[in-house]
Amino acid sequence: MPTQARIVWDPSFTKYNFGPTHPMAPIRLDLTARLCEALGLFDAPGVEVRGAEPASDELLETVHDPEYVAAVKAASDDPDQADPGRGIGTDDDPAFEGMHESSARIVTGTVDSVRAVWEGEASHAVNFTGGLHHAMPDRASGFCIYNDIAVGIRWLLDHGAERVAYVDVDVHHGDGVERIFWDDPRVLTISLHETGRALFPGTGWPTDIGGPNAEGTAVNVSLPPGLSDAGWLRAIHATVMPIVRSFKPEILITQHGCDTHAEDPLAHFAMTVDAQRSAADALHRLSHEVCEGKWVALGGGGYEVVGVVPRTWTHLTAIAAHRPIPTGTEIPQDWRDHVERVTGRPAPLRMGDLTTQDGPLWWRSWDLGYDPASEVDRAIMATRSAVFPHHGLDVHFD
């Protein structure tokens with residue numbers, strides 16, 4: 001009998017640390033784990049919590065160039081040796097001692113997760129320390145040193161998987177994963193993100209649909225700044241669901257960067273924790289519909305480290321454990337006291353943002369029709385028009 005949910009965590013993951021002024025503060029991981037513990041998730045029946053050792057060079061080099069791995073190691077041993085030409089030692093990706101080991105540990109966490117689900121040891125797996133989707137084979141990018149997602153997908157392909165679906169709901173385009181599998185028809189990559197006209201990395205257009213051997217397997221939904229819950233959920237349901245169903249993956253990997261939130265300091269969407277929870281729940285349900293529940297969920301971006309990240313990724317963990325937490329649930333006082341003690345900031349009171357909402361969020365289904373006056377609908381239609389014909393889907397009605 002498989003474990004219901006394997007969760008990747010131990011305190012060593014907080015060593016992925018770019019320094020005290022960097023937005024990707026490791027406390028976001030610590031507070032998430034503490035909130036999971038406070039709500040009883042780590043001790044729940046069917047939940048297994050595991051750490052990870054750093055990945056071998058051999059595993060990293062299934063995706064990353066050996067010269068790049070060597071450059072990361074050199075900067076890890078001596079940050080003064082960082083090579084900005086490899087994206088290391090920049091403002092986004094400062095070099096720090098132990099950088100190689102801490103980055104490689106995240107890779108192992110994701111590879112162990114996909115292996116456990118693929119081989120039937122666990123029904124679901126969560127690595128909220130992972131989801132580092134910007135790293136390229138030859139360079140660091142966007143706070144990401146090694147691309148744990150791509151190494152995990154490559155492991156699956158090397159062990160018999162023929163159809164892997166990857167869905168990325170981070171506010172930033174999942175450019176690294178897309179580029180690595182750009183011309184591989186076995187991998188479907190879907191990214192819903194704020195338009196590159198307004199946000200890093202400036203890519204991810206609806207007409208970017210994959211290489212000559214894989215047209216239609218790269219899917220990009222480029223959405224306008226200021227987007228809120230209903231439009232975001234409409235976009236997810238109008239694009240992800242029909243395409244993934246048509247693709248019929250054997251396993252679903254999802255990235256849950258929570259920098260879509262209204263309080264995130266680095267982007268311009270206006271989502272609530274409630275919507276982020278709804279998206280995770282919908283993707284979980286999709287895994288049960290299309291691939292017998294083989295689901296691996298990862299973290300990603302998220303820079304409101306007190307009010308947003310811990311709640312969103314605790315919801316993600318709870319959903320994977322088949323123990324969803326209502327958004328009206330009060331947050332344990334011990335956790336709130338710890339937050340105020342270590343950050344000097346007040347902690348949220350409840351597990352959701354919406355004071356009157358404790359059931360399904362409302363969003364307008366695509367079945368109700370396309371509205372050409374809506375900027376969101378135009379973005380959705382651009383993606384559907386570019387990609388749906390490659391999957392035998394009707395642009396208007398599927």
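This report describes the sheet, the helices packed on it, the nonpolar core and a few backbone details of a predicted model.

**The sheet**

The strands form an open sheet of eight, in the order E2-E1-E3-E8-E7-E4-E5-E6, and the pairing within this sheet is parallel. At its edges stand strand E2 (47–50) and strand E6 (218–223), each of which pairs on one side only. Neighbouring strands are turned against each other by 15° on average, when direction is ignored.

Strand E4 (residues 164–168) and strand E5 (residues 187–194) offer a detailed view of this arrangement: E4 pairs with E5 in the parallel sense over five bridges. Val 164 is found opposite Val 187 of E5, and Tyr 166 is found opposite Thr 189 of E5. Five of the five residues of E4 are buried, and the cover extends to both faces of E4, with Val 164, Tyr 166 and Asp 168 buried on one side and Ala 165 and Val 167 buried on the other. Strand E5 is likewise mostly covered, with eight of its eight residues buried.

Thr 189, which belongs to strand E5, has a relative accessible area of 4% and counts as buried, because the cut-off for that class is under 20%. Apart from neighbours within four places in sequence, Thr 189 is in contact with Tyr 166, Val 177, Glu 178, Thr 217, Ala 218 and Val 219. Of these contacts, Tyr 166 is also the residue that stands opposite Thr 189 in the pairing of E4 with E5.

**Helices on the sheet and on each other**

Helix H5 (residues 148–158) lies across E4, E5, strand E7 (251–255) and strand E8 (295–298), and runs at about 165° to E4. Helix H8 (residues 273–290) lies across strand E3 (122–127), E4, E7 and E8, and its direction is at about 170° to E7.

H5 also packs against helix H4 (residues 99–118), at an angle of about 35° and with the two axes 8 Å apart; the crossing of this pair is right-handed. From H4, the residues that take part are Ile 106, Val 107, Thr 110, Val 111, Val 114, Arg 115 and Trp 118, and they meet Asp 148, Ile 149, Val 151, Gly 152, Trp 155 and Leu 156 of H5. Sorted by class, this contact consists of nine nonpolar, two polar and two charged residues.

**The nonpolar core**

In soluble globular proteins, nonpolar side chains tend to be buried together. In this model the largest nonpolar core has 133 residues, and those with the most contacts inside this core are Ile 88, Ile 153, Leu 223, Trp 232 and Val 240. Helix H7 (residues 229–247) provides the largest share of the core, namely ten residues. If residues up to four places away in sequence are not counted, Val 240 touches Val 167, Ile 190, Leu 192, Ala 235, Leu 283 and Leu 286. Among these partners, Val 167 is one of the buried residues of strand E4.

**Backbone details in the loops**

Most residues other than glycine have a negative phi, and most peptide bonds are trans. Against that background, the peptide bond from Phe 200 to Pro 201 is cis, with omega near 5°, and Pro 201 lies in the loop between E5 and E6. Phe 143 is not a glycine, yet it has a positive phi of about 75°; His 322, also not a glycine, has a positive phi of about 60°.

How do these two residues, and Leu 368, compare with regard to accessibility? The table sets out the values for each.

| Residue | Loop | Relative accessibility | Class |
|---|---|---|---|
| Phe 143 | between E3 and H5 | 10% | buried |
| His 322 | between helix H9 (309–320) and helix H10 (333–343) | 38% | partly exposed |
| Leu 368 | between H10 and helix H11 (375–387) | 59% | exposed |

Leu 368 counts as exposed because its relative accessible area of 59% is over the 50% cut-off. The C-alpha atom of Leu 368 is separated by 26 Å from that of Ala 218, and the two residues are 150 residues apart along the chain. Ala 218 is itself one of the residues in contact with Thr 189.

Note on methods. Residues are numbered from 1 along each chain as its sequence is written. This is a predicted model: local features need pLDDT of at least 70, side-chain atom pairs count only at pLDDT 80 or more; totals for chains, interfaces and linings use all residues. Side-chain values use heavy atoms; hydrogens and water are left out. A nonpolar core is a set of buried Ala, Val, Leu, Ile, Met, Phe, Trp, Tyr and Cys residues joined through side-chain atoms within 4.5 Å. Buried means under 20% relative accessible area, exposed over 50%, partly exposed in between (1.4 Å probe, protein chains only). Helices (H or I, at least four residues) and strands (E, at least two) are DSSP runs, numbered from the N terminus. Contact means heavy atoms within 4.5 Å. Axes are lines fitted to C-alpha atoms, for helices over the stretch in contact, and angles run from 0 to 180 degrees between N-to-C directions. A crossing is left-handed if the near helix is turned anticlockwise from the far one by less than a right angle, and right-handed if clockwise. Ala, Val, Leu, Ile, Met, Phe, Trp, Tyr, Cys and Pro count as nonpolar, Asp, Glu, Lys and Arg as charged, and the others, Gly among them, as polar. Two strands pair if DSSP finds at least two bridges between them.
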